Every structure is written in structure tokens, then in C-alpha cells.
Amino acid sequence: MAELTGKSNDGYISLDVFLTFSKIKSYTTSVADIAAAIAPSTSLELNEERTKVRRTTAVEEKYDVDDCTIYVERLPPTTDHCWLKTVFDKHGKVVYVSLPKYKHNGKIKGFAFVEFASPDDVKKVCEAFGFVSPYKQEADVHMEQEEAHSRKRKLSELQEDTADIKPPKVPKCSEKNYEGTNRPDASIEGDDAAEESNVEKRKNKRKRKKKPQHPEAKAQTSLLVMPKCEWKRLRNKYLALQKQTMAQIKRSLLPSSNAYHSPRSTNSPAYASPATGVPDSSALSVESAEPKESEKPPLVALEFQPNQIVKLTAEKPITNVAEFKNNVRHLANVCYVDVMEGDTVAYVRCPDEISARNFVETEKQTFCGSLALLSGHEEQEYWKKINQDRETRRNQKTKQKKRGVEKVMAKAQKLMEKKNQHIHFDDL
């Protein structure tokens with residue numbers, strides 16, 4: 001918008017620009033409706049044709065935006081801009097509310113930024129919601145440590161002063177007179193203690209009815225509020241820690257100097273040219289090309305074998321494909337199970353005709369559906385489909401290249417799996 005106003009000589013902007021905004025587009029597609037909404041405004045004015053708009057007051061640039069903004073977390077799922085404004089208006093003047101949402105479902109991301117008119121309002125809000133600055137926490141801890149140290153020192157001094165003083169001796173007659181019930185105040189003290197115990201019992205019996213808390217008050221007490229400057233500090237700390245961790249993982253993935261090198265390495269004399277002794281690039285290219293040619297040998301098509309395909313027709317759609325395949329493999333000698341999620345028909349390829357017929361006969365009564373051997377034209381078409389599917393899967397590049405953090409994490413996971421793998425001496 002600033003660029004458009006800068007390009008215009010008189011500061012006017014066409015109302016058609018507002019129709020490109022997704023929020024306004026969801027309400028209306030008419031320029032007349034936008035003009036009618038702008039007409040009563042005191043800070044905006046329309047031209048005579050009511051097709052353009054401009055500001056009547058200059059935009060005040062705010063340089064301490066971060067100091068006037070708070071970060072709010074633990075929001076309820078139904079939070080909207082109006083609710084946030086009503087919650088924080090009690091503590092200061094709310095200027096702007098930013099509530100990020102997911103594009104695919106429109107749900108909130110669980111946090112928001114609320115901008116106030118002044119930094120003093122931010123301090124009031126943070127105090128009201130119980131935010132304590134980490135610097136203040138460190139200072140309080142330091143003060144508590146100093147107070148505890150001074151208390152210990154005073155106690156040790158008092159103990160040293162009173163160690164030499166002996167307690168006064170009490171006469172024997174006074175001890176006899178005031179033992180047990182012979183004391184004059186013993187009965188009075190016993191009555192007072194009984195009365196106090198009765199009063200405490202009565203207090204405990206009284207059931208205090210707690211006032212039901214309003215749902216809005218509960219939501220407000222659970223909110224986590226902090227200044228945006230503090231949020232930025234924590235974010236930068238997290239990003240620096242993440243960067244440091246990723247660098248450490250990358251260093252651990254680098255090959256060590258003691259790594260094993262095969263005899264056919266680039267330093268081998270077979271790769272060196274006879275004149276210079278330097279590894280020959282042509283030899284390297286030939287050697288590197290050889291495994292590439294042998295990586296994908298020509299695919300051999302499966303020959304047609306009659307009465308090996310069993311067709312399973314289920315009564316309900318198959319939802320858990322992995323479980324269905326495991327159950328079929330446990331029941332019979334199976335080479336391949338062809339089924340997709342949501343299908344009611346599955347095809348099972350057996351190694352020979354005998355195992356296919358045995359599978360049909362043994363599971364025909366227990367299976368919830370029908371079992372039958374494919375035959376005729378349907379069987380031939382299915383064998384063609386098998387070879388086509390194999391060729392498609394071979395040529396198809398389903399594996400997507402991982403980049404950045406995903407690539408490093410995948411490598412680290414593989415490395416950890418190799419380290420945790422048990423070595424069986426029989427396999428060596």
C-alpha cells in the first residue's frame with residue numbers, strides 16, 4: 001500500500017486493489033460496498049467518483065513496536081481477534097492483534113501477538129499474568145543465597161556466645177510443687193486446650209462453598225504472556241542451539257581418518273598414469289561407469305502360469321492393507337498380494353497351482369467373502385497387468401530427495417542404526 005500511495009501524485013488508491021484481498025473478497029466483490037463502508041470514516045476520504053480512497057491523516061511511524069507488543073501462548077481453540085481484544089483491553093489500550101492461522105484448515109496456531117499503545121501497558125499486562133523476567137529471577141536467587149548465608153553466620157555466632165553460659169539450677173521444692181497436676185494452672189490450661197480443639201473440629205466440619213469460576217477467567221489464568229523482546233531472545237537462543245546441534249551432527253557424519261579404504265581406491269597404482277603417477281581421470285570415469293551399467297539389469301517379464309492367481313472378494317472394503325497382507329501370508333504359501341486401501345477385491349499370486357488350489361479349499365469356508373481361481377481371458381489380462389505394474393514401478397522415481405535438515409537427520413538415524421546393530425560372528 002505504501003508503494004501505491006508513493007506512485008500516486010494525489011495519494012489516491014483505486015478501490016479495485018482492495019478486492020484482491022482474500023478477507024475482503026470473502027465478504028463482497030463490489031466496489032460500491034467498499035465505498036459505502038469507507039464513507040463514514042474520519043481518517044479516509046473518497047474521490048468524487050467514489051472509486052478511489054486516500055488518508056486524511058498522516059501515518060504515525062512507531063519505532064518501539066517490539067517494546068509495545070506481547071507474545072501470548074496457550075490460547076483456546078476458539079480464540080478470535082475480538083476475544084483477545086476484550087481480554088487485554090482491561091490492562092491497556094490494544095492497538096493491533098495478530099492471530100496466525102493455518103492455511104489448509106483455518107485453525108489458529110496456538111499463539112498471538114498483541115500490540116499496545118505504550119510500553120507501560122505491556123508491563124502492566126505482564127505483571128497481571130504473572131510473568132517474571134529472567135534477570136529478576138537471577139537477582140532474587142542471588143539475594144536469597146546472600147540472606148541464607150547471613151542467617152547461618154548469625155546462628156553460628158549465637159551458638160558460640162551461648163555455649164559458655166550454663167542454665168540456672170531450679171530448686172527441688174519448686175520442681176515437686178509444679179510436677180503433674182500439683183501445678184496451680186494445670187487444670188486451667190487443660191480446659192483451654194480442650195476448647196481450642198473443639199473449635200478447630202467445628203471449623204473443619206464447615207463446608208465452604210466455592211464460587212464457580214467463569215470459563216473466560218479460567219482461560220485467562222492459563223494464558224502464557226511475555227514481552228515480544230523476551231520472546232525474540234528465546235527464539236534466537238533456540239535457533240543458535242539448533243544450528244550448533246546440526247553442525248555437531250554433520251561433523252559426526254564425516255568419514256573418519258581411520259576409515260577403511262578398499263584396495264581399488266583412487267590411490268591404487270592401477271589408477272595412476274605411467275608417466276606421472278597421478279590418478280588418471282579416464283580410468284576413474286570408466287570404473288565409475290561400470291557399476292552404473294550393472295545397477296539396472298534388463299527386467300525379465302514373468303511367464304504366464306495358469307491357475308496360480310486367486311481372486312478374493314471381501315464383503316467390506318479393506319482398510320488396513322498391511323494387516324490384510326500379513327494375514328494372507330500366514331495362511332498360505334504366497335508370492336505376492338495385490339490390494340489397495342478401500343478395495344473389496346484382492347489378488348493373491350501363489351508359487352504353483354497346487355498351493356493355489358489348497359489355499360482356496362482350506363480358506364473357502366472361513367473367509368468372509370468369496371475365493372476363486374482366475375481362468376480364461378481374465379487370467380491372461382491380469383498377467384499382462386502384473387508385468388506392466390513391475391515395469392512402471394521400476395521406471396518410476398518415487399523416492400524424493402531429502403534436503404537440508406531432513407537429509408542430515410536421515411543420515412544421522414542411519415548411522416545410529418548401524419552403531420546399534422548387533423554383530424553375529426557366524427555371519428562374518
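Which residue in strand 10 is the bridge partner of Val-337? In this predicted model, the partner is Val-348. The pair belongs to an antiparallel arrangement, in which three bridges join strand 9 to strand 10, residues 345-349.

Both strands are part of an open sheet. The sheet has four strands in the order 9-10-8-11, and the pairing is antiparallel. Strand 9 (336-338) and strand 11 (369-373) stand at the edges. Each has a single partner strand, so one side of each lacks a neighbour in the sheet. On average, neighbouring strands are turned by 20 degrees against each other, direction ignored. Helix 12, formed by residues 321-331, packs on this sheet. The helix touches strand 8 (309-314), strand 9 and strand 10. Its direction makes about 140 degrees with that of strand 9.

Cysteine pairing was examined next. A disulfide is a covalent bond between the sulfur atoms of two cysteines. A search of the whole structure finds zero disulfides. Two cysteines illustrate this result. For Cys-335, the closest cysteine sulfur is that of Cys-350, at 7.1 Å. The cut-off for a disulfide is 2.5 Å, so the sulfurs of Cys-335 and Cys-350 are too far apart for a bond. Cys-335 is partly exposed, with a relative accessible area of 41%. For Cys-229, the closest cysteine sulfur belongs to Cys-68 and lies 9.2 Å away, again too far for a bond. Cys-229 is also partly exposed, and its relative accessible area is 36%.

A further feature is the second largest pocket. Its space amounts to about 320 Å³. The lining consists of 14 residues. Those nearest the centre are Lys-123, Cys-126, Phe-131, Ser-133 and Pro-227. Three elements give two or more residues to this lining: helix 5 (119-128), helix 6 (134-163) and helix 10 (228-253). Helix 5 gives the most, with five residues.

Backbone geometry singles out two arginines. Arg-50 has a positive phi of about 60 degrees, although it is not a glycine. This residue lies in the loop between strand 2 (44-46) and strand 3 (52-55). Arg-50 is partly exposed, at a relative accessible area of 41%. Arg-74 likewise has a positive phi of about 60 degrees without being a glycine. The loop that holds Arg-74 runs between strand 4 (69-73) and helix 4 (81-88). With 54% relative accessibility, Arg-74 counts as exposed.

Notes. Residues numbered from 1 in each chain as written. Predicted model: local features only at pLDDT ≥ 70, side-chain atom pairs only at ≥ 80, totals over all residues. Heavy atoms only, no water. Buried < 20%, exposed > 50% of the residue type's maximum accessible area, 1.4 Å probe, protein only. Pairing = 2+ DSSP bridges. Axes fitted to C-alpha atoms, helices over the stretch in contact; angles between N-to-C directions. Contact = heavy atoms within 4.5 Å. 1 Å grid on protein atoms, 1.4 Å probe; cavity = no way out; pocket = protein on both sides within 12 Å on 5 of 7 lines; lining within 4 Å. Points joined across faces, edges and corners; volume = space filled by probe spheres on them.
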